[in-house]
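Subject: Structure for you to look at

Hello,

Please find the structure we discussed below. My notes on what was found in it follow.

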Amino acid sequence: MLSIQNLNKSFGALAATCDISLELRPGEIHGVIGPNGAGKSTLIAQIAGTLRPDSGRVCFDGVDVTAQTPSARVALGLGRSFQITSLWFDLTVLENVLLGAQRTQGSAFRFCRPALDDAAAVQRARAALAYVQMEDRSGVPAKSLSYGEQKQLELALVLAGEPRMLLLDEPLAGVGTQEAEGLVRLIEKIRGDMGILLVEHDMGAMFRLADRISVLHQGRILRTGTVAEIQADEEVRRDRKSTRLNSSHTVIS
């Protein structure tokens, strides 16, 4: 589904990503972990298209998208959530999903009332809300939601665009234990329907969700393997201990 080949990006003398290669198989969750400064954000930006690599290739479902815009990648089926939610807080939950679906599908932007008159769009938005179990919140203003609910809403917004792959950037960041558990269950529900590249600091959640994990260290992939292989790898264990990778952000066991 996703193939990254020898990706390099430098900012002056700082090499942010160094010869990174990894693959996401259809239906799997591929986790990316590493300490702050390891290159995760730079890698995500290159996959999403908001940052152009210095060299290397990004291929999505067999198509070389290295030079394509973020919107072109979205049109091909790449959905992305952000570490900080990106919502219209003065609009209702349903209106957010409607406008978000237009944005993610590359449709011409319409104001809420014309969008609400589009029966097919409303049906798609309501289906996405039902999927994330928020259909009873459709008329609630987004600003009145808890932060965990905002994260759920953002997933509904992305899913309404009918992606074939999700790029999830720290979906549990800033969320309490109970709401984090709900988001983990939602990601488990999505598992198999589409490939997911998951960047997350919560090691308990990562070990629970991921089929394979790539460990980034100083812009390079230190190791890629199954959860059991990563947990047992001595080099990874030393790196986690020295960087305190999972010291203060593990909320899911």
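A residue is called buried when its relative accessible area is under 20%, exposed when that is over 50%, and partly exposed in between, using a 1.4 Å probe and protein chains only. This is a predicted model, in which local features need pLDDT of at least 70 and side-chain atom pairs count only at pLDDT 80 or more, while totals for chains, interfaces and linings use all residues. Residues are numbered from 1 along each chain as its sequence is written, and side-chain values use heavy atoms, with hydrogens and water left out.

The chain as a whole

The chain has 253 residues, and 51% of them are buried. Its secondary structure consists of ten helices and ten strands; these are DSSP runs numbered from the N terminus, with helices being H or I of at least four residues and strands E of at least two. About 11400 Å² of the chain is exposed, 50% of it supplied by carbon and sulfur atoms, with areas from the Shrake-Rupley method and a 1.4 Å probe. A contact means heavy atoms within 4.5 Å. Among contacts with a separation of 6 or more, 66% join residues 24 or more positions apart.

Helix H1

In H1 (residues 40–48), eight of the nine residues are buried. Lys-40 and Gln-46 are among them, as are Leu-43 and Ile-44. Just after H1 comes Gly-49, with a positive phi of about 100°.

Helix packing

H6 (residues 147–160) packs against H7 (residues 177–190) at an angle of about 15°, the axes being 9 Å apart. Here axes are lines fitted to C-alpha atoms, for helices over the stretch in contact, and angles run from 0 to 180 degrees between N-to-C directions. H6 and H7 are therefore roughly parallel, since angles under 35 degrees count as roughly parallel, over 145 as roughly antiparallel, 65 to 115 as roughly perpendicular and the rest as oblique. On the H6 side the contact includes Tyr-147, Leu-155 and Leu-159, and on the H7 side Glu-179, Leu-183, Leu-186 and Ile-190.

H6 also meets H5 (residues 119–131): the axes come within 9 Å and cross at roughly 135°. H5 and H6 are therefore oblique to each other. Arg-124, Ala-128, Leu-129 and Tyr-131 in H5 are in contact with Leu-153, Ala-156, Leu-159 and Ala-160 in H6.

Two loop residues with positive phi

Most residues other than glycine have a negative phi. Glu-170 has a positive phi, near 50°, and is found in the loop between strand S7 (165–169) and H7. With a relative accessible area of 9%, Glu-170 is buried. Gln-218 also has a positive phi near 50°; its place is the loop between strand S9 (212–217) and strand S10 (220–225). Gln-218 has 58% relative accessibility and so counts as exposed.

Asp-211

Asp-211 is in the loop between helix H8 (203–209) and S9. Is Asp-211 buried or exposed? Neither: at 33% relative accessibility, Asp-211 counts as partly exposed. Its C-alpha atom is 5.4 Å from that of Ile-29, although the two residues are 182 apart along the chain. Beyond neighbours within four places in sequence, Asp-211 is in contact with Glu-28, Ile-29, Arg-191, Thr-226 and Val-227.

Regards
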